Amino acid sequence: MTDASKQDQTEPSLSPRTRPDGRSASSASDRNRHEGAQADTDATAGQAVTAGQGVTAAAGFRAAGATAGLKASGTPDVALVVNDGPEAAVAAVFTSNRAQAHPVIWSRQVVGDGIARAVFLNSGGANCFTGAFGFQTTHMTAEAVAESLGIGAGDVVVCSTGLIGVGDQTFRDHVLHGVALTKDALSETGGPDAATAIMTTDTKAKQSEVTEDGWTVGGMAKGAGMLAPGLATMLVVITTDALLGSDELDQALRAATRVTFDRVDSDGCMSTNDTVVLMSSGASGVTPEVGDFQEALTAVCADLARQLQQDAEGASHDIAIHVVNAASEDDAVTVGRSVARNNLFKAAVFGNDPNWGRVLAAIGTTDAEFDPYAVDVSMNGIRVCHAGAPDRPSDEVDLTPRDTDVLIDLGVGPYAATILTNDLTHDYVHENSAYSS
């Protein structure tokens, strides 16, 4: 898990069957439910989540996207988000991979004092494992942004995405050119352009926003591959005009990412560049209740996480694995993740085969507390396994829809968790074998 694992265990629910303390709302009798037992995973319930302007939805922010020549396709590849507000509080979480890109190393230092005024992002190259030259490029990028905005380089977060090992002189030249291009294009309506510019193998830009009574949370994300814990391999910038300090932002962000981005596990591969940045301009002048802000932030993160899942490379099924009645929340996460990473199960879903035996085989490899011969498994509302034995016929299960729900009832406790994943397809293998320098 990421730094977010250090956060306390109080969290908004990913499922109405999960209470705010992570406990399942179902009773002991509920464990014996027949076909149709499912857990709703709509973490945004009660929140009016829209795409809108993304990072420029909140007051006090400008953004831009531009084409600097990093991508052979000639599509936009650099973005800049600037906080013009009276406040400049920031919080961030990063990849837990020990192999970290230069922008991650730089940005960890930047957010250490809780202040940041800008985020510069590029696609078309990860600037990871590019030696001292690569770190100098990141530093030079921050200095160039700072000079153009009249701020300090230590207040500029830098993010990169693309192939590892890309970050030579040509890369540097394009990135520095991109700083000037994005500075000139900054706009209070530039959120969509910025979201488009950070795409790599993404097929669509990813934005989300929630507006409450006098304040807003908005964000953008990129990511379509290497989606696994450690923030789900992505770059995310979230902005708010709520008046909050860096400590409050940090606490809220860690709680939100722990139950959203950290539970997207599309292909079990962790990136070197994962970054989620949350900035507050304070431009609304409104200080919301902590719980209200946490709910809005989590709704935006959950919406972006689902957009990442739905755009996963080559996927034909979006699979939500709900684990209920576990002995602990950690057990529920462990069991769900074991299924999400099981290639046999994922291949079966690709073939529209409700092979619940592969589910039981996967969870049997974990150290979670349960009796394998007391587990129920349902797929798309049909309970195919009851107490470790066949229940309804598999041909009653329709796996042709893209949305696929798997419910695993461990029957040993009150906790629950949901893991989002995808199937394993020919297209995924092709795309990742063809994606090279």
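**A five-stranded sheet and its nonpolar core**

In this predicted model, Thr-240 stands opposite Ser-280 in β9. The strands concerned are β8, residues 235-240, and β9, residues 275-280, which pair in the parallel sense over six bridges. Both belong to an open sheet of five strands, ordered β3-β9-β8-β7-β6, in which the pairing is mixed. At the edges of this sheet are β3 (89-94) and β6 (206-211), each of which pairs on one side only. From one strand to the next, the twist averages 10 degrees. Strands of a sheet pair through backbone hydrogen bonds, in either a parallel or an antiparallel arrangement.

The antiparallel sense is found on both sides of β7. With β6, strand β7 pairs in this sense over six bridges, and Gln-207 stands opposite Met-220 in β7. These two strands form a hairpin with four residues between them. Gly-214, in the turn of the hairpin, has a positive phi of about 95 degrees. The pairing of β7 with β8 is also antiparallel and also extends over six bridges; here Met-220 stands opposite Val-237 in β8. Met-220 of β7 thus has Gln-207 opposite in one pairing and Val-237 in the other.

Strand β7 is mostly covered, with seven of its seven residues buried. Thr-216, Gly-218, Met-220 and Lys-222 point one way from the strand, while Val-217, Gly-219 and Ala-221 point the other way. The residues of both groups are buried. Helix α6, formed by residues 290-310, lies across β6, β7 (216-222), β8 and β9. The direction of α6 is at about 160 degrees to that of β6.

Met-220 also takes part in the largest nonpolar core, which has 46 residues. Together with Val-81, Val-119, Leu-121 and Val-157, Met-220 touches the most other members of this core. Strand β2, residues 78-83, gives the most to the core, contributing five residues. In soluble globular proteins, nonpolar side chains tend to be buried together.

The surroundings of Leu-121 were examined without its neighbours within four places in sequence. Leu-121 is then in contact with Asp-77, Val-78, Ala-79, Cys-159, Ile-198, Met-220, Leu-235 and Val-237. Among these contacts, Met-220 and Val-237 are the residues that stand opposite each other in the pairing of β7 with β8.

Methods: Residues numbered from 1 in each chain as written. Predicted model: local features only at pLDDT ≥ 70, side-chain atom pairs only at ≥ 80, totals over all residues. Heavy atoms only, no water. Pairing = 2+ DSSP bridges. Axes fitted to C-alpha atoms, helices over the stretch in contact; angles between N-to-C directions. Contact = heavy atoms within 4.5 Å. Core = buried A, V, L, I, M, F, W, Y, C linked by side-chain atoms within 4.5 Å. Buried < 20%, exposed > 50% of the residue type's maximum accessible area, 1.4 Å probe, protein only.
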